[in-house]
Amino acid sequence: MGRKNPGKGKEKRQQRKEEQHRLKLAKQVVDKANELEDPLTPFHTFRTFNKNDVCAELFIKRVIVLDEDVKTWIFDLTKRNMKDRYEQCSWGWNDSKKLEEMMDDAAWYLIAKSKDDGSLLGFSHFRFDLDEGIEVLYCYELQLEPHVQRKGLGKFMMQILELIAFSNSLKKVVLTVLKNNKDSEFFKAINYQIDETSPMDDDEEYFPYQILSKINKRLLV
Ligand SMILES: CC(C)(COP(=O)(O)OP(=O)(O)OC[C@H]1O[C@@H](n2cnc3c(N)ncnc32)[C@H](O)[C@@H]1OP(=O)(O)O)[C@@H](O)C(=O)NCCC(=O)NCCS
């Protein structure tokens, strides 16, 4: 009888305490990012994209201050680009479910607008959040109008998200891609890798998606 390893309980309590402390700090980083007025402020040169005949201004807003017509376009573009791909896998497409996700109060939007005619060209829905206990910038969506695709704008917008994430001490930029979406290759072309939280199971019926990420190398040193 007695206790075989009296030090073990103490060790576990210490580990739990350290984990709680780590989570508390991670949440502070996320909360601080969510309090930003305009995350683009320090990156003035990234407010304009001018390449391959696309001249755009970029701005960031929380969903709660977006105009109704912008919200309508955001949903419409996502549906035009993604509905078929969702329907071709086990996720399926559901208007109200998608709308609920996109209009959640936690959503931030990076938007590209044409400087030539004021039309909306593309957007990213992102959030500062804890993902499996890690402080991250989660990119929920990156959608461009078909006529401005493959001109460098998507890469530019992801660079903005990375700058914002890494300068605000978030550990990684994370996103979910559908395996059946050929445009998911874009993220591999800009050096996103399979995240450790991505399901290892190859069964496409249950796991039609992969989780990709880019790590904040500034925090590794
Ligand atoms: C995916 C998407 C955001 C990419 O943006 P983009 O502006 O068209 O891409 P870029 O021109 O910035 O391309 C950047 C790099 O990715 C590569 N790339 C882009 N799309 C690609 C594709 N479908 N397959 C392979 N590589 C691709 C480009 O060749 C380029 O490589 P380089 O830097 O070596 O020249 C855009 O095409 C889009 O909105 N697609 C529809 C919606 C979608 O699928 N979104 C992603 C899922 S949320």
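How many of the 12 residues of strand 4 are buried? In this predicted model, the count is 10, so strand 4 (residues 120–131) is largely enclosed by the rest of the structure. The close-up views below show this strand with its pairing partners, and then a charged patch on helix 1 and its surroundings.

**View A. Strand 4 pairs with strand 3 in the antiparallel sense.** Six bridges connect strand 4 to strand 3, which spans residues 108–114. Across this pairing, tryptophan 108 stands opposite phenylalanine 126 of strand 4.

**View B. A turn of five residues separates strand 3 from strand 4 in a hairpin.** Within the turn, glycine 118 has a positive phi of about 80 degrees.

**View C. Strand 4 also runs antiparallel to strand 5.** The two are joined by 10 bridges, with strand 5 covering residues 134–144. One bridge pairs histidine 125 with glutamate 141 in strand 5. In a regular strand, side chains alternate between the two faces of the sheet.

**View D. Two residues lie between strand 4 and strand 5 in their hairpin.** Here glutamate 132 takes a positive phi near 50 degrees.

**View E. A patch of positive charge lies on the surface.** Lys8, Lys10, Lys12, Arg13 and Arg16 gather in this patch. Lysine 12 belongs to helix 1, which comprises residues 6–34. The relative accessibility of lysine 12 is 53%, and the residue therefore counts as exposed, the cut-off being over 50%.

Conventions
Residues are numbered from 1 along each chain as its sequence is written. This is a predicted model: local features need pLDDT of at least 70, side-chain atom pairs count only at pLDDT 80 or more; totals for chains, interfaces and linings use all residues. Side-chain values use heavy atoms; hydrogens and water are left out. Patches are made of residues with over 30% relative accessible area and no salt bridge: like charges are joined within 9 Å, nonpolar side chains (Val, Leu, Ile, Met, Phe, Trp, Tyr) within 5 Å. Accessible areas come from the Shrake-Rupley method with a 1.4 Å probe; for residues, only the protein chains shown count as cover. A salt bridge is a side-chain nitrogen of Lys or Arg within 4 Å of a carboxyl oxygen of Asp or Glu. Lys and Arg count as positive and Asp and Glu as negative; His and the chain ends are not counted. The place of a charge is taken as NZ of Lys, CZ of Arg, CG of Asp or CD of Glu. Helices (H or I, at least four residues) and strands (E, at least two) are DSSP runs, numbered from the N terminus. Buried means under 20% relative accessible area, exposed over 50%, partly exposed in between (1.4 Å probe, protein chains only). Two strands pair if DSSP finds at least two bridges between them.
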